[in-house]
Amino acid sequence: MNKVLEQIQEIGIVPVVVLDEVKDAEPLAQALCDGGLPCAEVTFRTAAAEESIRIMSEKFPQMLVGAGTVLTTEQVDRAVAAGAKFIVSPGLNPRIVKYCVDKGIPVTPGCSNASDIEQALEFGLDVVKFFPAEPAGGLNMIKALAAPYVGVKFMPTGGINAKNVKDYLAYNRILACGGSWMVKGDLVKAGDFEKIKELTKEAVEIVKESRGK
């Protein structure tokens, strides 16, 4: 496993961030760092994503900032140039995965079945995003898939929240969980970064409890 993924495993929860306004990038990053989660997957769903990654990476060098919802190789280039340390995609696009692997960029493609995982293994990956986690069968499905693929770890995202994340993290084949409950869009829009910090601290405590730290 590469160093970036080891860092993600140590952190335990990856906040999945959707930013509509570049101005929110810095205070949001500050809230996540102050709350104890120096990590963010900034989704490339908005025009503000690229500049937000740049701001977070430059102003908070201790942060592990990645790009999510990456659908093209051009987005990979833009994200990495802006400072993204890892790439996440909703599905497994062989072209994007090969592009990242060839360039040595950590990539976690979305997988929800055995065929997806086998494609990921072909590219030499040992960590996959399990997406959409809850609709695709949740922890039971991950356990079923983990049985034949003994060397694979999972990063479930989609439907993960403060109530169910502990169960996921308690399973030793879960690298980390992706979640947006601590960085909800309405909190960001309202500028309620204090609440985001509070929810982030709670998430950190859940990681400690579930992993017995």
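In this predicted model, the count of disulfides comes to 0. C33 takes part in no disulfide, and the cysteine sulfur nearest to that of C33 belongs to C39, at a distance of 9.7 Å. C33 is also a buried residue, with a relative accessible area of 16%. A second cysteine, C100, gives a similar picture, because its sulfur is 14 Å from the closest cysteine sulfur, that of C111, and this is too far for a bond. C100 counts as buried, its relative accessibility being 0%. In general terms, a disulfide is a covalent bond between the sulfur atoms of two cysteines.

From cysteines the reader can turn to charged side chains. Side chains of opposite charge can pair when their charged atoms come close. In this structure there are 11 salt bridges, and a few of them can be followed in turn.

One of these pairs is made by K23 and D24, whose closest N and O atoms lie 3.3 Å apart. The two partners fall into separate classes of accessibility, since K23 counts as exposed at 59% relative accessibility, whereas D24, at 7%, counts as buried.

Another salt bridge brings together the side chains of K166 and E209, with a distance of 3.1 Å from N to O. This pair links distant parts of the chain, for K166 belongs to helix α8, which covers residues 165-169, while E209 belongs to helix α10, which covers residues 193-210, and the two residues are 43 residues apart. K166 is partly exposed, its relative accessible area being 37%.

Helix α10 also holds a salt bridge of its own, in which the side chains of E194 and K197 meet at 3.4 Å, N to O. Because these two residues are 3 residues apart in helix α10, about one helical turn separates E194 from K197. E194 is exposed, with a relative accessible area of 52%. Elsewhere, E50, E74 and R78 are joined to one another in a network of salt bridges.

Helix α10 is also a packing partner. Two packed helices are described by the angle between their axes and the distance between the axes. Helix α2, made of residues 25-35, packs with α10 at an angle of about 35°, and the axes of the two helices are 8 Å apart. The crossing in which α2 passes α10 is right-handed. On the α2 side the contact is made by P27, L28, A31, L32, D34 and G35, and on the α10 side by F193, I196, K197, T200, K201 and V204. Sorted by class, the contact of α2 with α10 contains 7 nonpolar, 2 polar and 3 charged residues.

Within this contact, G35 deserves a separate look. G35 lies in helix α2 and is buried, with a relative accessible area of 5%. Although 162 residues separate G35 from K197 in sequence, their C-alpha atoms are 4.7 Å apart in space. When residues up to four places away in sequence are not counted, G35 touches K197, T200, K201 and V204; these four residues are also named on the α10 side of the contact with α2.

Another helix to follow is α4, whose buried residues are T73, Q75, V76, A79 and A82. Among the elements that cover these buried residues are α3 (49-59), β3, β4 (87-89) and α5 (94-103). After α4 comes G83, which has a positive phi, near 120°.

Ahead of α4, the loop between β3 (64-68) and α4 (73-82) contains T69. T69 has a positive phi of about 50°, although T69 is not a glycine. With a relative accessible area of 17%, T69 is buried.

A last backbone feature is found in another loop. F131 and P132 are joined by a cis peptide bond, for which omega is about -10°, and P132 lies in the loop between β6 (127-130) and α7 (138-146).

How values were computed. Residues are numbered from 1 along each chain as its sequence is written. This is a predicted model: local features need pLDDT of at least 70, side-chain atom pairs count only at pLDDT 80 or more; totals for chains, interfaces and linings use all residues. Side-chain values use heavy atoms; hydrogens and water are left out. A salt bridge is a side-chain nitrogen of Lys or Arg within 4 Å of a carboxyl oxygen of Asp or Glu. Buried means under 20% relative accessible area, exposed over 50%, partly exposed in between (1.4 Å probe, protein chains only). A disulfide is a pair of cysteine sulfur atoms within 2.5 Å. Axes are lines fitted to C-alpha atoms, for helices over the stretch in contact, and angles run from 0 to 180 degrees between N-to-C directions. A crossing is left-handed if the near helix is turned anticlockwise from the far one by less than a right angle, and right-handed if clockwise. Contact means heavy atoms within 4.5 Å. Ala, Val, Leu, Ile, Met, Phe, Trp, Tyr, Cys and Pro count as nonpolar, Asp, Glu, Lys and Arg as charged, and the others, Gly among them, as polar.
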